Structure formats: structure tokens, C-alpha cells
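Trainee: I would like to go through the terms used for this model and see what each one rests on.

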Amino acid sequence: MSGGGLLVYSDSNPPKRTLTADGQETKKKKVVVLGSGWGGYSFLSYLNNPNYDVQVVSPRNFFLFTPLLPSVTNGTVEARSIVEPIRGLMRKKGFEYTEAECVKIDASNKKILCRSKDASKDAKEFNMDYDILVVAVGAKPNTFNTPGVEENAHFLKEAEDALKIRQSVINSFERASLPDLTEEERKKILHFVVVGGGPTGVEFSAELHDFLVEDVAKIYPKVQEFTRITLLEAGDHILNMFDKRITAFAEEKFQRDGIDLKTKNMVVGVTADEISTKEIATGKIVSEPYGMVVWSTGIGIRPVIKEFMHQIGQGQRRVLATDEWLRVEGCDSVYALGDTATINQRRVMEDIAAIFSKADKGETGTLNKKEFKSVVKDICQRYPQVELYLKKKKLRNIANLLKSANGDDTKVNIETFKQALSEVDTQMKNLPATAQVASQQGKYLAKCFNKMEKCEKKPEGPLRFRGEGRHRFQPFRYRHFGSFAPDWVSIGHSSQWLWYSVYASKLVSWRTRSLVVSDWVRRFIFGRDSSSI
């Protein structure tokens with residue numbers, strides 16, 4: 001107060017505080033979550049620790065159930081039916097949400113730079129502090145720098161993409177129905193090209209075929225004969241990540257349905273009228289006209305993550321690397337989930353000497369049965385490739401593996417130990433970029449955060465072979481619960497509705513379940529909506 005004036009300072013965003021068991025006030029740690037996709041939404045859904053002040057930043061104020069995106073492209077379900085508004089979860093959990101995009105991560109100062117979701121020049125930029133950052137921004141489509149793809153092809157990653165494809169498909173049939181067009185012009189307009197033989201490309205091709213057979217024949221009978229679907233895949237087969245029986249069945253089914261499947265064909269360019277491909281076996285380049293191209297060849301890194309990787313010394317990698325606890329390597333306070341990152345699984349052979357030394361408590365240079373048993377569980381927990389190797393070799397446990405290398409001897413030296421585990425690291429594999437992986441990672445990380453204080457005092461993870469004590473938590477372990485099969489894999493309507501029930505059970509709320517089921521019933525009774533909106 002000075003000269004009769006009163007100066008009042010107010011912090012518009014003061015740090016939230018909570019009380020400890022003895023009544024002392026303590027500042028909450030601020031957790032900032034980037035993204036509202038599978039990883040981020042799963043993390044937020046399972047996080048229940050009152051000691052965190054949670055702030056969500058995402059340009060998309062909803063969660064999108066991506067497995068049903070191909071169904072949106074042909075009107076089987078509506079886009080609004082497969083989205084869940086994020087603010088409902090925020091209100092329920094007491095979290096805060098800001099609709100903005102993170103454009104820079106400053107890990108050294110624990111700040112992020114954000115830009116409001118405003119396409120005009122008036123878009124606001126602001127900084128946000130964090131104590132812990134959870135990065136779950138997903139990935140962008142990967143064009144492999146193929147000329148013309150960005151300008152002329154459709155992608156299928158977001159709800160907006162599916163709606164654009166749906167409108168483009170309908171517009172193609174309307175244009176092909178105009179009078180005075182030649183047959184060649186109609187064939188060009190109704191030539192739909194799908195690039196990429198992964199799950200998204202295959203399922204979109206199947207959904208488009210169903211639309212042609214079940215609806216176009218009735219709505220556009222005069223132009224149906226000119227339609228053609230071509231699926232291009234650079235590899236030897238489609239659906240390479242699935243069981244060979246599924247791959248063979250899908251390829252055979254596409255041939256029966258008249259879908260033109262071309263494997264070992266790589267796209268080298270896309271113009272407004274033609275798509276050019278190179279036959280990998282011969283190197284021959286072929287160009288042909290098309291009406292619409294859908295590009296689904298994999299994922300690429302977002303610019304904000306690419307810049308962050310250069311900042312922390314990961315600039316030579318193709319994707320952000322984390323440890324087995326989903327913590328970004330080189331940044332103790334930053335975690336990454338889903339398509340944004342990959343787990344840099346540690347090799348057993350890198351730590352083999354440290355493992356042996358930790359077990360050899362008597363420093364005798366050999367391990368007896370008791371010493372060996374003391375580290376077996378920790379080895380399997382710390383290195384998941386050990387379990388995979390045992391399954392491949394049809395061995396019950398690691399003791400059987402050691403016995404096969406050591407005969408009937410009761411003691412093991414370092415060389416025998418190395419020999420027994422020498423091939424284990426061959427089973428190391430990167431996790432697939434799927435919704436199932438991201439969802440499990442979000443749930444895992446939330447559970448770690450929920451028991452953070454407890455595990456700080458009493459760690460529950462495996463032994464630290466290169467240090468003292470134990471790790472706080474068990475490493476993340478992905479459990480594959482099977483893969484969704486598209487409608488067309490089923491035989492008959494009864495099994496098709498069985499698959500529908502699987503999809504419905506995986507939706508995140510009763511609201512989306514009821515909307516999707518009502519869309520399926522509507523389609524079954526009235527057919528698909530062919531309007532261009």
C-alpha cells in the first residue's frame with residue numbers, strides 16, 4: 001500500500017495443493033498429457049492418484065475409436081457414433097483440458113509451447129509448465145516422400161479423413177452418372193486405388209466392396225459395371241503381421257470378390273489423373289488412370305516429436321525411444337505412449353556379466369542351484385525375450401534351458417551361462433503400432449502412477465543388475481488378446497453380428513455403444529446412406 005493505493009497480486013493458475021496424512025500441505029505434481037487418442041485416453045481413464053494435478057492438451061476434444069473408421073467411409077456407421085467427447089471424462093476425473101496443439105517440448109526447462117486450434121493468423125501461443133509430461137500425440141501418415149501423395153491422395157487416420165473419403169466416393173458415382181461420358185471416362189472415375197496392404201487398407205477395400213455390391217447396384221445400376229478396386233502392396237503379401245492362414249484367406253477372398261490385388265508393386269508417383277507403380281521383381285514402371293487414391297502405408301513421426309528427438313540426442317532414430325517403463329531415454333520426467341514411441345528393449349547379452357555377478361554372491365566364479373534360482377524370476381521379468389525364446393524351444397523354464405547347455409552339472413560358470421542365453425535376444429521384436437498396444441500402455445502407466453508413492457518406499461520391480469536394489473515397477477509387458485477381423489472374414493450373418501458384438505464391447509462408453517449399434521441396425525434395415533454430406 002502506497003499513497004492511498006492498494007496493489008493486489010493474484011496468480012490466475014496457482015499450483016494445486018493437497019494434505020498429507022499428518023495434515024501438512026504439499027504441492028501437487030503437475031502432469032501434462034499430450035493427446036486424446038488410445039494411449040492418452042486410456043491413461044486418463046485409469047489414473048486415480050489425488051497427488052497429481054492433471055492437464056490435458058490436445059487439438060482434438062474427443063477420443064476416436066479408430067478400428068471403425070473404414071465403416072464411416074461407406075456409411076455403415078456415422079462419424080459422431082465412434083467419438084467420445086473428452087470433457088465428459090475431464091469433469092468426472094477433475095482434470096483440466098485445453099484445446100491446443102503442442103508445437104515444442106523444452107525438456108531442459110520442463111515447459112511446452114502450445115498453439116490454440118485456430119486456423120487464422122490470430123492463433124494464440126502460450127507456454128505451459130510441467131513436472132511430468134506424458135506424450136501420446138500419435139503419428140501421421142507416412143508418404144515415404146513419394147511425389148504427389150500429399151496433394152492427390154486421401155489418408156485414413158482421423159474422422160475428417162473418413163468423411164472426406166465418403167463424400168469423394170459418392171461424388172465419384174454421381175460424376176460417372178452424368179450423360180455423354182465415354183466408357184473410358186467412367187472407368188477412370190470409378191477406379192478406386194488403395195495403397196497399403198495393412199489392416200486399414202485391407203478393411204477399407206473390403207468395406208468399399210461391400211458398398212458396391214450391396215448398395216451401388218441398387219442406387220447406381222447403370223454405372224456399377226465400370227467400378228474397379230485395386231489394392232497395391234509393396235511386400236509379398238497383405239496383412240504380413242497376421243497369421244499366414246489369415247493372409248491366405250484374405251487374398252483368396254479378394255480374388256473371388258474381384259478386387260484387383262497387386263503385391264510386389266511399389267508406388268513411385270501420384271498425379272491428379274494417374275498413379276505410377278514399379279514392379280519390384282522387374283523394375284518396370286506402369287502408369288494407369290484412377291478416380292480416387294487412399295494412402296495407408298504406415299505411420300510417420302510428427303514434427304514436434306522429430307524436433308524433440310534432436311533436442312535429446314535421438315535425432316538418428318526413426319521413432320522416439322523409451323525404456324521398458326515407457327520413460328523417454330534421457331528424460332526422467334517424460335513418458336511416451338503408443339505410435340509416438342517404441343520400447344528400446346535391453347539385450348540380455350549386454351548385462352550377462354552383471355547378471356552373473358549379482359547371482360554369484362559367494363564370488364566363487366560359479367553358480368550353484370540356489371544362487372541361480374535367486375535371479376531366475378528377475379531375469380524373466382526384466383527381459384521378456386527370455387519367455388518368448390523358451391516358448392519357441394518348448395522349454396518349461398529357464399532352468400531347462402541352462403540344463404540343456406550344461407548337461408547334468410549342478411554348477412554353472414560364466415561361459416556356460418553365456419552359451420545358454422546366447423540366442424535369447426533373437427526373439428526381440430518391436431511392438432506393433434496398434435490401438436491395442438497404446439491402450440495397454442496407457443493403462444499400465446496409470447497404474448504405475450497410482451502406486452508411485454508406495455513403490456518409491458517399497459519397489460516391486462525386478463533386481464537392478466547394474467545397480468543396487470530393485471526397479472520401482474514391473475516393466476511393461478504387452479499381452480496380445482487377438483486381432484479384430486473385418487466383417488468379410490466371417491461366414492454368414494450370424495458370425496458377422498458376433499464380430500459386431502466384439503467391436504461394441506471395446507467401445508469406451510455406453511453412449512458410443514448405443515449409437516454404433518443403432519447405426520448397424522439402421523444399415524441392416526434401410527441400407528447405407530448414399531448422401532454426399
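Mentor: Start with the ground rules: this is a predicted model, where local features need pLDDT of at least 70, side-chain atom pairs count only at pLDDT 80 or more, and totals for chains, interfaces and linings use all residues. Residues are numbered from 1 along each chain as its sequence is written, and side-chain values use heavy atoms, with hydrogens and water left out.

Trainee: Why is α5 called oblique to α7?

Mentor: Helix α5 (residues 159–176) and helix α7 (residues 199–219) pack at about 40 degrees, with axes 13 Å apart. Angles run from 0 to 180 degrees between N-to-C directions, along lines fitted to C-alpha atoms over the stretch in contact. Under 35 degrees counts as roughly parallel, over 145 as roughly antiparallel, 65 to 115 as roughly perpendicular and the rest as oblique. Therefore α5 is oblique to α7.

Trainee: What makes up the contact of α5 with α7, by class?

Mentor: Its residues divide into nine nonpolar, no polar and no charged. Ala, Val, Leu, Ile, Met, Phe, Trp, Tyr, Cys and Pro count as nonpolar, Asp, Glu, Lys and Arg as charged, and the others, Gly among them, as polar. On the α5 side are Ile165, Val169, Ile170 and Phe173; they meet Phe204, Leu208, Phe211, Leu212 and Val216 in α7. Contact here means heavy atoms within 4.5 Å.

Trainee: Which term fits the angle between α1 and α3?

Mentor: The axes of helix α1 (residues 38–46) and helix α3 (residues 86–93) come within 10 Å and cross at roughly 25 degrees. That makes α1 roughly parallel to α3. Tyr41, Leu44, Ser45 and Tyr46 in α1 meet Ile86, Leu89, Met90 and Lys93 in α3, a contact of six nonpolar, one polar and one charged residues.

Trainee: How do you know that β14 and β15 pair?

Mentor: Two strands pair if DSSP finds at least two bridges between them. Strand β14 (residues 228–233) and strand β15 (residues 260–263) have four, in the parallel sense; one of the bridges sets Thr230 against Asp260 in β15. Strand β12 pairs with strand β19 (residues 292–295) over two bridges, also parallel, and His154 has Val294 as its partner in β19.

Trainee: What makes β12 and β15 edge strands?

Mentor: The open sheet runs in the order β12-β19-β13-β14-β15. β12 (154–155) and β15 each have a single partner strand, so one side of each is left without a neighbour in the sheet.
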